[in-house]
Amino acid sequence: MKKFLALLKVSAKAMLLTSSGVGAGKRRRAVSGVGAVLLIAFLGLYLSGMYSFMLAGVLAPVGMESLVLVFMGLVALFGGLLFTVFAVREVLFGGKDNDLMLSLPVPASLLVASRMAAIYLESLVFSFFVLLPAGAACFFLSGGRYGWDLWLRLLLAALALPALDTALSVLLGAGLAFLSSKVSKGKALGQNLAMALFLLVVFWLSFNLNSTIENLAAHAAGIKASMTWAAPLLWMADGVLGSWGLLLAFIACCAIPFALVALVVGKVYRKAVTAFQTRAARSDYKLSAQSAAGQTKALLRKEAKRFFGTPVYFWNAGLGLIFLLILGVAAVAKRGELQAMLPLLGGQWAGAALAGVAMGFCLSMAVVCAPSVSLEGRCLWILRTAPVGEGTLLGVKVGFQLLLTLPCALVATACLSWALALPLWQGGLLLLAMVAFCVASACFGMMMGLTFPKLDAANEALVIKQSMAVTLAMFVPLGALVLAGLVCWLGGMLSPEMALVLPVVLLIALAVLCWLWLARRGKVLLRRL
């Protein structure tokens, strides 16, 4: 048991409490881990809190509030898979510390069990904060039909569901690892297509939510009867609302697959990891003509290959840009409705300010520079010894993020300016503000990557999803965006013109400061790595 707890502690830190600073101590590890947990918890609480009460308000009057738990159970299940399945491929089967861990005097099955337990804990956070609001909606909007023991059954269901989620994640992660070892050049394509399909489903549901809710109450019984494919979640919903027998059946349906997957994977783990790594390490070299390219072009191509060829990197750092483009397209589609809302907001200048906040929020999610240094890993010395100047290296990494963010910001600004019928000077100020925000975010993210590097991370997912550099590079620009909003509000007390000019001046000043900071300290920090 002591060995299992020790391995679990290591695996849990790898999943949630990974530090990203050189010489970082317990305080930084705690901050990084707590930040990751809070982010997952907030996302689950926000999604479920908003939709659970909306659904319960429609379903409770017809006595079908159990569908709220079914739908939120699906959100918890698929959301947990989204959080863990790609990380499982790296952490469980492709971790750089597998050789070390497998050399320890512990059975491979115990190592698998500890890592699956760590994955379970991460899924548990999301599952708990998704099911909690769903249970609260059923309890408070049901008119007192359920007793206080509902909370005990809800807790048991929230503890059981992540076990099923973990078993599915491990199986899918094993499949991805196998495909990656078979088709090394196409491994990113399948993951990107799967993630794109998931996003299409999410956006379709979002745009059709109102009509779906309107039809839900009238056809609730038929919908529940047709969901036999989700029988375990139906058992969970009816079990939470009163049936202990169905709840026990649901718990067994979650615990048995978890135990079976841990047992089977534990028996073949050593062979599987060896086979996956051996095939992944294979490389067939062919002599062919090489086209000449300058230093900048070659480095940009290298950055692009890593960004678009690493799904966890692309979808975490590029999702904000996808949202930004969708925001522009949606604004054009809803042009009439947006213009009708402008008088209620206070005029076109208020619409321009809100458009800037929305675009800035999307751009703050495009954290490309911050993890780029750590993703070089132990191969950073190759770049450091290459005949390339330090300023060129940093400039290419910052420039690559700007090559991604500036065109998206330009397209979104043009769409929003046309949709809101903004005057030319307001559209110009909006574009100038977004350019300054992009520059400031890129330079600041680069400094965070140099200040909090993690060159020895066990896998790429830990650097991209849970590092201190990425966390600061995302949330500090968000703080600057809030400050710009406050300045806009204060300027609005003077005049609409000042409400737009002052935030732009602030963002330009921040961009200049970040650029000067990078130019002054960036090379020094790079030399220390």
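Which residues of helix α10 (residues 231-240) are buried? In this predicted model, they are L233, L234, M236, A237, G239 and V240. A general rule helps in reading such a list: an α-helix has 3.6 residues a turn, so residues three or four places apart point the same way. With that in mind, you can trace L233, M236, A237 and V240, which are among the buried residues of α10. Just beyond the helix, α10 is followed by G242, whose phi is positive, near 150 degrees.

Let us step back to the whole chain. Its secondary structure comes to 23 helices and zero strands. Of its 529 residues, 48% count as buried. Contacts across the sequence are worth a look too: among those between residues at least 6 apart, 83% join residues at least 24 apart. For a single example of residues distant in sequence, find L171 in helix α6 (residues 150-182). The C-alpha atoms of L171 and V261 are separated by 7.7 Å, although the two residues are 90 apart along the chain. L171 itself counts as partly exposed, because its relative accessibility is 48%, in between the 20% and 50% limits.

Next, how do two of the helices meet? Helix α20 (residues 424-451) and helix α22 (residues 468-492) pack at an angle of about 150 degrees, and their axes lie 9 Å apart. Their crossing is right-handed. On the α20 side, the contact is made by F437, S441, F444, G445, M448 and G449. Facing them from α22 are A469, L472, A473, V476, P477 and L481. Sorted by character, the residues of this contact divide into nine nonpolar, three polar and no charged.

Moving back along the chain from α20, you come to the loop between α19 (390-419) and α20, where A421 has its place. A421 is not a glycine, yet its phi is positive, at about 55 degrees. This residue is partly exposed, with a relative accessible area of 34%.

Now for the aromatic side chains. How many aromatic pairs does the model hold? The count comes to 13. One of them joins F139 and F140: the ring centres are 5.0 Å apart and the planes stand at 90 degrees, so the pair is edge-to-face. These sequence neighbours differ in their surroundings, since F139 is buried at a relative accessible area of 11%, whereas F140 counts as exposed at 55%.

A second pair, F308 with F314, has another geometry. Here the ring centres lie 5.8 Å apart and the planes are at 40 degrees, so the pair is tilted. F308 counts as partly exposed, with 42% relative accessibility, while F314 is buried, at 18%. Both phenylalanines belong to a wider group, for ring pairs link F307, F308, Y313, F314, W315 and F400 into a cluster.

One more ring deserves a visit before you leave. R335 lies over the face of W418, at 4.1 Å from the ring centre. W418 falls within the span of α19 (390-419), and so does F400, a member of the aromatic cluster.

Definitions and conventions. Residues numbered from 1 in each chain as written. Predicted model: local features only at pLDDT ≥ 70, side-chain atom pairs only at ≥ 80, totals over all residues. Heavy atoms only, no water. Phe/Tyr/Trp six-rings, centres within 6.5 Å; stacked < 30°, edge-to-face > 60°. Buried < 20%, exposed > 50% of the residue type's maximum accessible area, 1.4 Å probe, protein only. Lys NZ or Arg CZ within 6 Å of the ring centre and 35° of its normal. Axes fitted to C-alpha atoms, helices over the stretch in contact; angles between N-to-C directions. Helix = DSSP H or I, 4+ residues; strand = E, 2+ residues; numbered from the N terminus. Left-handed = near helix turned anticlockwise from the far one by under 90°. Contact = heavy atoms within 4.5 Å. Nonpolar A, V, L, I, M, F, W, Y, C, P; charged D, E, K, R; others polar.
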